[in-house]
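Thanks for coming. I have one structure to go through today, and I will start with the fold before moving to charges and pockets. Here it is.

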Amino acid sequence: LHPVRAPLAVATFASLAEAGYFDGQVFHRVVPGFVAQTGCPRGDGWGGPGFTLPDEDSEVPFDAGSLGMAREDARDTAGSQWFVATSDQPHLTSEYTRFGQVVHGLYVAQQLRQGAVVEDVVIERVP
């Protein structure tokens, strides 16, 4: 996770993960070669945590394995939904909050199917 680039997104994601918010949720949107998205408590892409976050833009490219905050078409509407870019997506750069990067096992995200269930999101804090 990148707390310097996206402090609000990282803090929110970590807090929700540590509270077990994502456990048992489904990947409700999977577009092969594009993204795998989860974080909707309703499982249909229309739910959220009851609050929204401002976008935290950066020029860091959305390459394969980038973690981004999903949002509605309007800016500053992200909440709990997030995605993994399963291939390079340069058009998302500066349009969506990029808050992390998959460092091991990207092939798992690339093989996900819609409806796959999140077992557990674990946050490991390092000094």
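One definition before anything else: two strands count as paired if DSSP finds at least two bridges between them. With that in hand, take Arg29: its bridge partner in β2 is Gln37. Please keep in mind throughout that this is a predicted model.

That pair belongs to a longer contact. β1, residues 29-31, and β2 run antiparallel and are joined by three bridges. The two strands make a hairpin with three residues between them. Gly33 sits in that turn and has a positive phi of about 80°.

Which strand does β2 pair with over four bridges? That is β4, and the pairing is again antiparallel. Thr38, for example, has Trp82 in β4 as its bridge partner. So much for the neighbours of β2; now its side chains. Val35 and Gln37 point one way from β2, while Ala36 and Thr38 point the other way. All four of these residues are buried.

Stepping back to the whole chain, there are two helices and five strands. From the N terminus on, the order is α-β-β-β-β-β-α. The C-alpha atoms fill a box of roughly 35 × 30 × 30 Å along the principal axes. For the radius of gyration, a compact globule with 127 residues would come out near 14 Å, and this chain has 13 Å, which agrees. Of the 127 residues, 43% are buried.

Next, the charges. How many salt bridges does a search of the whole structure find? The search returns six. I will go through three of them, which share partners.

The first on my list is between Arg71 and Asp55, with the closest N and O atoms 3.6 Å apart. Arg71 is in the loop between β3 (66-69) and β4, and Asp55 is in the loop between β2 (35-38) and β3, so this pair links parts of the chain that are distant, 16 residues apart. Are these two residues buried or exposed? The cut-off for buried is under 20% relative accessible area. Arg71 has 15%, so Arg71 is buried. Asp55 has 13%, so Asp55 counts as buried too.

Asp55 has another partner, Arg75, and here the closest N and O atoms are 3.4 Å apart. Arg75 lies in the loop between β3 and β4 and Asp55 in the loop between β2 and β3, so this salt bridge ties together parts that are 20 residues apart in sequence. Arg75 has a relative accessibility of 37% and therefore counts as partly exposed.

Arg75 in turn meets the side chain of Asp57 in a salt bridge, at 2.5 Å from N to O. Asp57 lies in the loop between β2 and β3 and Arg75 in the loop between β3 and β4, so the parts tied together are 18 residues apart in sequence. Asp57 is partly exposed, at 39% relative accessible area. Taken together, the salt bridges that share partners join Asp55, Asp57, Arg71 and Arg75 into one network.

Last topic, pockets. What is the volume of the largest pocket? The value is about 950 Å³. This pocket is lined by 29 residues, and the closest to its centre are Phe13, Leu67, Trp82, Val121 and Val122. You have met Trp82 already, as the bridge partner of Thr38. By class, the lining has 22 nonpolar, three polar and four charged residues. Three elements each supply at least two lining residues: α1 (7-18), β4 (82-85) and α2 (106-110). Of the elements, α1 gives the most, with four residues.

The second largest pocket holds about 550 Å³ of space. It has 25 lining residues, and those nearest its centre are Gly45, Ala70, Arg71, Glu72 and Gln81. Arg71 is the residue that forms a salt bridge with Asp55. The lining here divides into ten nonpolar, eleven polar and four charged residues.

That is what I have on this one; questions are welcome.

Notes. Residues are numbered from 1 along each chain as its sequence is written. This is a predicted model: local features need pLDDT of at least 70, side-chain atom pairs count only at pLDDT 80 or more; totals for chains, interfaces and linings use all residues. Side-chain values use heavy atoms; hydrogens and water are left out. On a 1 Å grid over the protein atoms alone, a cavity is a set of points where a 1.4 Å probe fits but cannot get out, and a pocket is an open set with protein on both sides within 12 Å along at least five of seven lines; lining residues have an atom within 4 Å of a point. Grid points are joined across faces, edges and corners, and a volume is the space filled by probe spheres set on the points. Ala, Val, Leu, Ile, Met, Phe, Trp, Tyr, Cys and Pro count as nonpolar, Asp, Glu, Lys and Arg as charged, and the others, Gly among them, as polar. A salt bridge is a side-chain nitrogen of Lys or Arg within 4 Å of a carboxyl oxygen of Asp or Glu. Buried means under 20% relative accessible area, exposed over 50%, partly exposed in between (1.4 Å probe, protein chains only). The radius of gyration is taken over C-alpha atoms; the globule rule is 2.2 Å times the number of residues to the power 0.38.
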